[in-house]
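Reader: I am new to reading protein models. Could you take me through this one?

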Amino acid sequence: MPPGGGGPMKDCEYSQISTHSSSPMESPHKKKKIAARRKWEVFPGRNKFFCNGRIMMARQTGVFYLTLVLILVTSGLFFAFDCPYLAVKITPAIPAVAGILFFFVMGTLLRTSFSDPGVLPRATPDEAADLERQIDIANGTSSGGYRPPPRTKEVIINGQTVKLKYCFTCKIFRPPRASHCSLCDNCVERFDHHCPWVGNCVGKRNYRFFYMFILSLSFLTVFIFAFVITHVILRSQQTGFLNAIKDSPASVLEAVVCFFSVWSIVGLSGFHTYLISSNQTTNEDIKGSWSNKRGKENYNPYSYGNIFTNCCVALCGPISPSLIDRRGYIQPDTPQPAAPSNGITMYGATQSQSDMCDQDQCIQSTKFVLQAAATPLLQSEPSLTSDELHLPGKPSLGTPCASLTLGPPTPPASMPNLAEATLADVMPRKDEHMGHQFLTPDEAPSPPRLLAAGSPLAHSRTMHVLGLASQDSLHEDSVRGLVKLSSV
């Protein structure tokens, strides 16, 4: 060893061992840093997000762009061709008022279209399973099987019975006044309607901006239409009607667009003014859920009985925060929302989801061994527990999903003391599968066909316990050979 000690050891370096070809385990030094993802990137609803999740819209936005074009083109033509003449002949306040209305309309439109309307988060798998267990306990059911959950619950609001409906997609009982939008595939709190003109649902968090949009758009449309007609009349008095149209052809286009749109816009504004004054939603009004008369049985429990109070609550109340936190980061241990079941939900009597997953894994592993093993075995006899198994007689290896990890086969003489230990590993403890339910021989379906006969038994690293074949002597010999191999 050279002076100083450890010379050759200092030059020694650890080399990276590639395990891609020999083992599925990755080296801890080769782990790549995964960039944190935001919740909007895995949002389950049918929505589009922009600006890193700050803008949320419906997936169908074609009509929204048409709304933008109509407002921008009509207002732009009015400012370019009508406002200069009207500012000189009448007053400069006309373009100023038109500008204020235009910016207010655009602001409320974008606020309605780009915001969260009040989407309710979907239940996680654990929450959905817990809700299913609560339903089972409430209904007093103790037998397994498939059954639909109860679709409604009843709550009392201001003396009125209100039904809460269960959403099979979101796996939740929707709160009062909430509904599931089929276009956005979300449950929306205080759902009013889905408006394609704004490209979004209208709900609790953006209803006031929607109402202010259609109300201000009504004023802007009436304002532009009235002063376009005034512009044409003033020019006609000076140069004649035809010359007035030739001098300002854009005024004709503005008048046509405003004339055909003003009726629907003003009518929609009046309808929503009525809804706000009675504290109703479009969804409730179309369904006829409530009556405006307080004395009737189906009176509206959400109305304050005063038009002014109802308007203040709808337009001036606090805006609730978004419940989906679309710009938040996904934590590694955060469970994802449960997948929709399309109206069919499986309810076990006493089993949890983990028990069901264990049974599925057992079934898959059993299928794998049946395909790998070439010994022709039938699965026609009932399975026996470890207490009922006797090796000297006819052995039964029908216990479900037991496994034994073996190395290369060795002669029995070299390992004389491993028979009892190996048998204990082969046969599962009785308490390990007490939570599982197994089929009786009458309930178990008969196998469609036998495995290929005459094939040699392949040594597998994982041996799964198979059923007993009791009628054919060749099958019995094969079972005895498998038991002897497992005892080795």
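Author: Start with one term. Contact means heavy atoms within 4.5 Å. Keep in mind that this is a predicted model.

Reader: Which residues does Trp-40 touch, not counting residues up to four places away in sequence?

Author: Trp-40 sits in the loop between helix 1 (7-11) and strand 1 (47-50). Residues up to four places away in sequence are not counted. That leaves Phe-49, Asn-52, Gly-53, Arg-326 and Arg-327.

Reader: How far apart are the C-alpha atoms of Trp-40 and Asp-325?

Author: Along the chain, Trp-40 and Asp-325 are 285 residues apart. In space, their C-alpha atoms are separated by 8.2 Å.

Reader: Is Trp-40 buried, partly exposed or exposed?

Author: Buried means under 20% relative accessible area, and exposed means over 50%. Trp-40 has 21% relative accessibility, so Trp-40 counts as partly exposed.

Reader: Let me step back to the whole chain. How many helices and strands does the protein chain have, and what share of its residues is buried?

Author: The secondary structure comes to 12 helices and 13 strands. The protein chain has 488 residues. The share that counts as buried is 37%.

Reader: Among contacts between residues at least 6 apart in sequence, what percentage joins residues at least 24 apart?

Author: Take the contacts in the protein chain between residues at least 6 apart in sequence. The part that joins residues at least 24 apart is 68%.

Reader: Which residues of the largest nonpolar core touch the most other members?

Author: Nonpolar side chains tend to be buried together in soluble globular proteins. The largest nonpolar core here has 34 residues. Those touching the most other members are Ile-71, Phe-78, Leu-109 and Phe-213.

Reader: Which element gives the most to this core?

Author: Strand 2 (55-58), helix 2, helix 3 (93-113), helix 5 and helix 7 each supply at least two residues. With 10 residues, the element that gives the most is helix 5.

Reader: What does Phe-213 touch, not counting residues up to four places away in sequence?

Author: Phe-213 is one of the core residues that touch the most other members. With residues up to four places away left out, Phe-213 touches Thr-67, Ile-71, Val-105, Thr-108, Leu-109 and Val-198.

Reader: Does the length of helix 5 agree or disagree with its expected span, and what is that span?

Author: Helix 5 (residues 207-239) has 33 residues. At 1.5 Å a residue, counted for one less than the number of residues, the expected span follows. The end C-alpha atoms are 48 Å apart, which agrees with the expected 48 Å.

Reader: Which residue follows helix 5, and what is its phi?

Author: Helix 5 is followed by Gly-240. Its phi is positive, near 95°.

Reader: Why is Ala-98 called buried, and which residues are in contact with it beyond four places in sequence?

Author: Ala-98 is in helix 3. Its relative accessible area is 0%, so Ala-98 is buried. Leaving aside neighbours within four places in sequence, Ala-98 is in contact with Phe-78, Phe-79, Leu-220 and Phe-223.

Reader: And Ile-94: what does it touch, with residues up to four places away not counted?

Author: Ile-94 is also in helix 3. Ile-94 is buried, at 4% relative accessible area. Its contacts are Phe-78, Leu-86, Phe-223 and Phe-227.

Reader: At what angle do the axes of helix 2 and helix 7 cross?

Author: Two packed helices are described by the angle between their axes and the distance between the axes. The axes of helix 2 (residues 62-89) and helix 7 (residues 249-278) come within 9 Å. Their crossing is left-handed. The angle is roughly 145°.

Reader: How many nonpolar, polar and charged residues are in the contact of helix 2 with helix 7?

Author: From helix 2, the residues include Phe-78 and Asp-82. From helix 7, they include Leu-253 and Glu-254. By class, the contact has seven nonpolar, two polar and two charged residues.

Reader: Is Asn-279 buried or exposed?

Author: Asn-279 is in the loop between helix 7 and helix 8 (282-287). Its phi is positive, near 55°. Most residues other than glycine have a negative phi. Asn-279 has 7% relative accessibility, so it counts as buried.

Note on methods
Residues numbered from 1 in each chain as written. Predicted model: local features only at pLDDT ≥ 70, side-chain atom pairs only at ≥ 80, totals over all residues. Heavy atoms only, no water. Axes fitted to C-alpha atoms, helices over the stretch in contact; angles between N-to-C directions. Helix = DSSP H or I, 4+ residues; strand = E, 2+ residues; numbered from the N terminus. Left-handed = near helix turned anticlockwise from the far one by under 90°. Nonpolar A, V, L, I, M, F, W, Y, C, P; charged D, E, K, R; others polar. Core = buried A, V, L, I, M, F, W, Y, C linked by side-chain atoms within 4.5 Å. Buried < 20%, exposed > 50% of the residue type's maximum accessible area, 1.4 Å probe, protein only.
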